[in-house]
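Subject: Structure for your review

Dear colleague,

Please find the structure below, together with its sequence. I would be grateful if you read the notes that follow with the model open beside them.

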Amino acid sequence: MGEDTESSKINHSFLRDYVTEADVISTVEFNQTGHLLATGDKGGRVVIFQRETESKGEAEDVGEAGGESGEYNVYSTFQSHEPDFDYLKSLEIEEKINKIRWLPQQNAAHFLLSTNDKTIKLWKVSERDKRPEGYNLKDEEGRIKDIATVTSLQVPVLKPTDLMVEVRPRRVFSNGHTYHVNSISVNSDGETYLSADDLRINMWNLGITDRSFNIVDIKPANMEELTEVITSAEFHPQHCHLFVYSSSKGTLRLCDMRAGALCDRHTKLFEEPEDPGSRSFFSEIISSVSDVKFSHSGRYLLTRDYLTTKVWDLHMEKGPVETYQVHEYLRSKLCSLYENDCIFDKFECVWNSSDSVIMTGAYNSFFRMFDRETGKGVTLEAWRETSKPRAVLRTRRVYSGGKRRRGDVGVDSLDFTKKILHMAWHPAENIIAIAATNNLYIFQDRVNPETHGQ
């Protein structure tokens with residue numbers, strides 16, 4: 001998605017000059033078709049956007065066949081979670097939405113899971129454009145009639161009405177986690193999903209809310225012996241018995257539920273040998289994996305740590321097959337990044353639909369794309385000037401030494417408050433959604449969809 005990338009932008013908070021904490025977007029997720037896009041924020045709200053249908057005239061203007069445009073508009077907004085309080089531990093439970101995952105669509109309705117630190121909820125999103133009229137025992141305002149006044153019976157009928165989008169909670173999965181939930185992942189069997197916190201991974205049936213099965217437990221008998229925590233977990237896209245989870249030590253563990261009900265003993269362990277010569281005080285912090293994603297093919301794993309993003313082959317455990325430097329120029333700034341807590345930021349990473357390009361976030365409203373075939377990377381920026389329709393995304397470059405070009409951004413000039421942590425890639429097309437604090441940017445490659453990262 002290089003210089004010939006056009007963009008459109010959807011604003012999550014009307015581009016206010018000030019940002020309230022509740023408006024900050026905390027997760028972004030396309031559904032399986034890419035027709036719907038959901039965001040969650042720190043205020044516990046979920047906003048669903050729907051892709052608009054493009055008219056034939058508009059399609060001809062850009063040289064495309066009729067169909068869907070890249071424009072997404074607000075479809076529904078609802079409050080998913082409220083602030084809560086754990087009286088046993090005297091702890092406040094934030095309403096912030098940590099993750100959203102769509103379920104495969106099986107009928108006209110859509111279903112999604114949303115979670116905060118403790119409680120997972122299943123929501124049904126449906127449309128209604130008809131309403132029943134002609135009840136025998138109710139009047140037009142819905143009040144119950146006196147049976148004595150009913151002298152004849154009539155057959156109720158459905159009358160057309162304005163389209164309404166209804167969002168209703170169908171299940172509430174609570175009391176499954178002692179620690180903060182960091183991941184949820186829907187299984188390919190369509191019946192179960194997993195949820196992970198710092199020390200445990202549970203598997204739930206979508207129809208059962210009062211119990212879950214603990215499939216991973218790394219909590220030591222003595223908490224003083226705790227050396228690592230679970231940072232992310234995901235089911236395999238095709239094989240319902242396989243899942244992977246990452247740790248704060250930079251390792252990945254592939255587990256097979258056919259081997260045992262409790263998957264404390266992994267099937268495969270993926271880790272990169274550490275170079276003793278490069279070890280420092282920050283080594284363990286920056287090696288912590290903040291996100292792990294299976295490729296669409298199921299053959300590879302994509303991970304993100306603080307400075308790099310890596311691709312791992314499921315058939316090779318000894319190290320990653322590809323390593324991409326996201327912002328190596330920050331290695332000399334780790335001390336100051338530790339002091340302002342930025343070193344603990346958790347960046348996400350995503351694949352494109354063909355697994356040929358990967359994307360992840362950075363600071364200063366920058367995000368990076370890497371073409372796996374050429375190994376080349378490009379830095380792009382999500383900001384107001386690129387929010388205009390048909391605007392072209394320009395590549396950016398961070399100056400860290402050598403010859404400085406016009407337009408380069410110096411390392412000392414980077415704004416570490418403008419961080420791109422959350423993003424999503426359309427499952428079939430070159431459309432990406434980028435969360436930048438309280439704004440949601442949507443970019444679409446409409447000229448040459450095969451030139452990402454060139």
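In this predicted model, four strands form an open sheet in the order β16-β17-β18-β19, and their pairing is antiparallel. The edges of this sheet are β16 (230–235) and β19 (268–270), each of which pairs on one side only. On average, neighbouring strands here are turned by 20° against each other, direction ignored. As general background, the strands of a sheet pair through backbone hydrogen bonds, either parallel or antiparallel.

One may follow the sheet from strand to strand. β16 and strand β17 (residues 242–247) run antiparallel and are joined by five bridges. Within this pair, A233 stands opposite Y245 of β17.

The next pair is β17 and β18, again in the antiparallel sense and over five bridges. Here S246 has L252 in β18 as its bridge partner. β17 and β18 form a hairpin, with four residues between the two strands. In the turn of this hairpin lies G250, which has a positive phi of about 85°.

The sheet then continues from β18 to β19, which run antiparallel and are joined by three bridges. R253 stands opposite L269 in β19.

Strand β18 (residues 252–256) deserves a closer look. Why can β18 be described as largely enclosed by the rest of the structure? Five of its five residues are buried, so the rest of the structure largely encloses this strand. For this purpose, buried means under 20% relative accessible area. The residues of β18 point in two directions: L252, L254 and D256 point one way, while R253 and C255 point the other way. All of these residues are buried, whichever way they point.

A further open sheet of four strands has the order β20-β21-β22-β23, with antiparallel pairing. Its edge strands are β20 (291–294) and β23 (322–325); each has a single partner strand, so one side of each is left without a neighbour in the sheet. Neighbouring strands of this sheet are turned by 15° against each other on average, direction ignored.

Which strand is joined to β23, and by how many bridges? Strand β22 (residues 308–313) runs antiparallel to β23, and four bridges join the two. In this pair, K310 stands opposite T323 of β23.

Yours sincerely,

A colleague

Methods: Residues numbered from 1 in each chain as written. Predicted model: local features only at pLDDT ≥ 70, side-chain atom pairs only at ≥ 80, totals over all residues. Heavy atoms only, no water. Pairing = 2+ DSSP bridges. Axes fitted to C-alpha atoms, helices over the stretch in contact; angles between N-to-C directions. Buried < 20%, exposed > 50% of the residue type's maximum accessible area, 1.4 Å probe, protein only.
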